[in-house]
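Trainee: I'd like to learn how to read a protein model at my desk. Could you walk me through this one?

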Amino acid sequence: MTEETPGFEEKPDVPSGATPDDAEPKAASPSPEEGAAPAGDASADAGLVAQLDQVRTALGERTADLQRLQAEYQNYRRRVERDRIAVKEIAIANLLTELLPVLDDIGRAREHGELVGGFKSVAESLETVAAKMGLQQFGKEGEPFDPTIHEALMHSYAPDVTETTCVAILQPGYRIGERTIRPARVAVAEPQPGAQTVKAEESSEGDDKESGAPDEG
């Protein structure tokens, strides 16, 4: 038996020309599977993106719903305000329509000189209140007849008119704004039949005399 020298360790044989480092075993290189990202992380990211898209879509739908509700509410408010104004105008018109006979009596009393004393003060106050509520009187003698605001109760012919004309106001008309609550009741006169023809002939004869040659003497 050979005796081993204490403290002496055998070294593996190293080929000639090789460095001692070559003799050390190399660390194993990572495999391709270990260097790639786990498949679970990629699928999780895709799921988050899909959820984000769903949230964005839902947010867009809710925003559109809110805008539609706001538009409907604004339309509702405008409609309610318009209806409120219309109801108010109708109520005022009905009230003033009931007062028209009283105003007619006041007008007749004024024409006959009977609007005096305390009655005059009350009558003028009533007319002032009616005017503040928007009541307007219309109808004057000499204005052209308009069937949309006039009601003809009497009819005659007159040689001094060139169109159908209101020659007398039997009852004044009243309106509120553009709304007529009672037409003016009037007497109308139309041009005399044949009067325009006679005037045209007289005018023609006058023109002939002015433009004619002087008589020979």
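Trainee: Let's start with the layout: in what order do the elements of the protein chain run from the N terminus on?

Mentor: Keep in mind that this is a predicted model. Walking from the N terminus, you pass α-α-α-β-β-β-β-β-β-α. That gives four helices and six strands for the protein chain.

Trainee: How do I read a helix, and what span does α3 reach from its first C-alpha to its last?

Mentor: Put the end-to-end span beside the expected one. Helix α3 takes in residues 117–132, 16 residues in total, and reaches 23 Å, close to the 22 Å expected at 1.5 Å a residue. Then look just past its end: Gly134 has a positive phi of about 100° there.

Trainee: On to sheets. What holds the strands of a sheet together?

Mentor: The general idea is that strands pair through backbone hydrogen bonds, and the pairing can be parallel or antiparallel. In this model, one open sheet has three strands in the order β1-β4-β5, with antiparallel pairing. Its edges are β1 (135–138) and β5 (179–182); each has a single partner strand, so one side of each lacks a neighbour in the sheet. Neighbouring strands here are turned by 35° against each other on average, if you ignore direction.

Trainee: How many bridges join β1 to β4?

Mentor: Four, with β4 covering residues 173–176 and the two strands running antiparallel. If you want one pair to click on, Phe138 has Gly173 in β4 as its bridge partner.

Trainee: And which order do the strands of the other three-stranded open sheet have?

Mentor: That one reads β2-β6-β3, and its pairing is mixed. The edge strands are β2 (150–158) and β3 (165–171), each with a single partner strand, so each has one side without a neighbour in the sheet. The twist from one strand to the next averages 25°.

Trainee: Where does the "mixed" come from?

Mentor: Take the two pairings one by one. β2 and β6 (residues 184–191) run parallel and are joined by eight bridges, whereas β3 and β6 pair in the antiparallel sense over five bridges. For examples, Tyr157 has Glu190 in β6 as its bridge partner, and Ile169 has Val186 in β6.

Trainee: Why is β6 described as largely enclosed by the rest of the structure?

Mentor: Check burial residue by residue. In β6, six of the eight residues are buried, so the strand is largely enclosed by the rest of the structure. For the protein chain as a whole, 14% of the 217 residues count as buried.

Trainee: Can we try a single residue? Is His150 buried or exposed?

Mentor: The cut-off for buried is under 20% relative accessible area. His150 has 4% relative accessibility, so this residue counts as buried. His150 sits in strand β2 and stands opposite Ala184 in β6.

Trainee: Which side chain makes a polar contact with the side chain of His150?

Mentor: Glu143, at 2.8 Å. Beyond neighbours within four places in sequence, the contacts of His150 include Pro144, Phe145, Cys166, Pro183 and Val186.

Trainee: What do I look at for the protein chain as a whole?

Mentor: Try contacts and surface. Among contacts between residues at least 6 apart in sequence, 65% join residues at least 24 apart. The accessible surface comes to about 17,400 Å², and 54% of that belongs to carbon and sulfur atoms.

How values were computed
Residues are numbered from 1 along each chain as its sequence is written. This is a predicted model: local features need pLDDT of at least 70, side-chain atom pairs count only at pLDDT 80 or more; totals for chains, interfaces and linings use all residues. Side-chain values use heavy atoms; hydrogens and water are left out. The expected span of a helix is 1.5 Å times one less than its number of residues. Buried means under 20% relative accessible area, exposed over 50%, partly exposed in between (1.4 Å probe, protein chains only). Contact means heavy atoms within 4.5 Å. Accessible areas come from the Shrake-Rupley method with a 1.4 Å probe; for residues, only the protein chains shown count as cover. Two strands pair if DSSP finds at least two bridges between them. Axes are lines fitted to C-alpha atoms, for helices over the stretch in contact, and angles run from 0 to 180 degrees between N-to-C directions. A polar contact is a pair of N or O atoms within 3.5 Å; within protein, one must be able to donate a hydrogen and the other to accept it, and residues adjacent in sequence count only if both atoms are side-chain atoms.
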